[in-house]
Amino acid sequence: MKTLGLIGGMSWESTAIYYRLLNEIVRERLGGLHSAKLLLWSFDFAEIAERQHAGDWEGAAVLLVEAARRLEAGGAEGLVICTNTMHKLADAVQAAISAPLIHIADATGRAVVDAGVKRPALLATRFTMEQDFYKGRLADKYGLQPVVPDQAGRDMVHKVIYDELCQGVVRSESKSAYLDEVGRMRRTDQVDGVIMGCTEITMLIGQGDFDVPVFDTTRIHAEAAVDFALG
């Protein structure tokens with residue numbers, strides 16, 4: 001089994017989900033007392049979020065590259081960025097290390113294509129919904145047509161992530177707002193699936209809330225990481 005290096009703490013709520021999933025998937029596949037071989041770098045998320053909202057992606061890249069280099073020096077044979085949004089910096093991180101970076105959008109793109117979905121709703125942070133690093137990769141590499149909420153919807157989805165979910169707060173009112181937004185997108189945008197494009201969203205909604213395919217990017221990413229580790 002190869003050792004995975006996790007770049008986490010963005011938020012730690014999401015990293016805890018990654019840690020649990022990676023170990024559960026290894027146990028499912030190998031049985032008994034098996035668990036994943038992991039190294040974890042966990043950020044103080046306030047330092048990252050401040051740079052995100054200030055548009056200081058160059059400063060954030062410096063932090064992630066340093067974390068990746070330390071993980072590789074510690075013995076990591078593959079890297080996992082434990083968040084969708086920070087894959088904006090995936091190319092910079094990969095360029096700084098020799099170990100492969102397992103990209104969340106690639107794992108998600110393959111899963112969406114395999115499910116026969118063409119126009120998935122993409123719920124995520126404002127950065128992921130409004131910038132092209134994620135949507136563009138899904139479109140260019142996998143022929144998908146990801147659809148994001150309108151301005152009001154994006155504001156709501158983003159606010160719930162940062163003001164509630166990243167702080168461990170799960171509210172029924174916010175779940176209802178997310179379900180209403182997807183319902184609106186199904187009526188007006190003809191979406192045929194839902195990508196939970198932020199790890200923390202899994203705390204709020206899931207497949208049981210919808211009658212179209214829902215793509216839990218955290219689990220999909222964790223499965224791909226274990227595929228690599230057990231290669």
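Begin this tour of a predicted model by selecting Glu66, which is partly exposed, with a relative accessible area of 35%. Next add Arg70 to the selection. Arg70 is also partly exposed, at 48%. The two side chains form a salt bridge, and their closest N and O atoms are 2.8 Å apart. Why can these two residues be found about one helical turn from each other? Because Glu66 and Arg70 are four residues apart in helix H3 (residues 57–73), about one helical turn separates them. In general, side chains of opposite charge can pair when their charged atoms come close.

**A sheet with helix H3 packed on it**

Keep H3 on display and select strands S1, S2 and S3. These three strands form an open sheet in the order S2-S1-S3, with parallel pairing. Which strands stand at the edges? They are strand S2 (38–42) and S3; each has a single partner strand, so one side of each is left without a neighbour in the sheet. From one strand to the next, the twist averages 20°.

Now narrow the view to two strands. Strand S1 (residues 4–8) pairs with S2 in the parallel sense over five bridges. To see one position in this pairing, pick Gly5, which stands opposite Leu39 in S2.

Bring in helix H1 (residues 12–30). H1 packs on the sheet and touches S1, S2 and S3; the direction of H1 makes about 175° with that of S2. H3 packs on the sheet too, touching S1, S2 and S3, and its direction makes about 155° with that of S1.

**The nonpolar core**

The next selection is the largest nonpolar core, which has 78 residues. Which members touch the most other members? They are Ile7, Met10, Leu64, Leu79, Met86 and Tyr178. H3 gives the most to this core, with eight residues.

Select Ile7 and show what surrounds this residue. Leaving aside neighbours within four places in sequence, Ile7 is in contact with a list of residues that includes Trp41, Phe43, Leu64, Ala67, Ala68 and Leu71. Leu79, Val80, Ile81, Cys82 and Val93 are also among the contacts of Ile7.

**A buried asparagine**

Move on to Asn84, in the loop between strand S3 (78–81) and helix H4 (90–96). Is Asn84 buried or exposed? At 1% relative accessibility, Asn84 counts as buried. Apart from neighbours within four places in sequence, its contacts include Ile104, Thr128, Phe133 and Tyr134. Also among the contacts of Asn84 are Met196, Gly197, Cys198, Thr199 and Thr217.

**The sheet S4-S5-S6**

Select strands S4, S5 and S6. They make an open sheet of three strands in the order S4-S5-S6, with parallel pairing. The edge strands are strand S4 (120–123) and strand S6 (214–216), each of which pairs on one side only. The twist here averages 20° from one strand to the next.

Zoom in on S4 and strand S5 (residues 193–196), which pair in the parallel sense over four bridges. Within this pair, Ala121 stands opposite Val194 in S5. As a general point, strands of a sheet pair through backbone hydrogen bonds, either parallel or antiparallel.

**Two more salt bridges**

Select Asp150 and Arg184. Their side chains meet in a salt bridge, 3.8 Å from N to O. What parts of the chain does this pair link? The parts are distant: Asp150 is in the loop between helix H7 (132–142) and helix H8 (151–163), whereas Arg184 is in helix H9 (residues 172–189), and the two are 34 residues apart. Asp150 counts as partly exposed at 36% relative accessibility. Arg184 counts as partly exposed at 21%.

For the last stop, select Glu223 and Arg219. Their salt bridge has its closest N and O atoms 3.4 Å apart. Both residues lie in helix H10 (residues 217–230), four residues apart, about one turn of the helix. Glu223 is partly exposed, with a relative accessible area of 24%, and Arg219 counts as partly exposed at 29%. Extend the selection to Arg29 and Asp227. Salt bridges that share partners join Arg29, Arg219, Glu223 and Asp227 into one network. The count for the model comes to 15 salt bridges.

Technical notes
Residues numbered from 1 in each chain as written. Predicted model: local features only at pLDDT ≥ 70, side-chain atom pairs only at ≥ 80, totals over all residues. Heavy atoms only, no water. Salt bridge = Lys/Arg side-chain N within 4 Å of Asp/Glu carboxyl O. Buried < 20%, exposed > 50% of the residue type's maximum accessible area, 1.4 Å probe, protein only. Core = buried A, V, L, I, M, F, W, Y, C linked by side-chain atoms within 4.5 Å. Contact = heavy atoms within 4.5 Å. Pairing = 2+ DSSP bridges. Axes fitted to C-alpha atoms, helices over the stretch in contact; angles between N-to-C directions.
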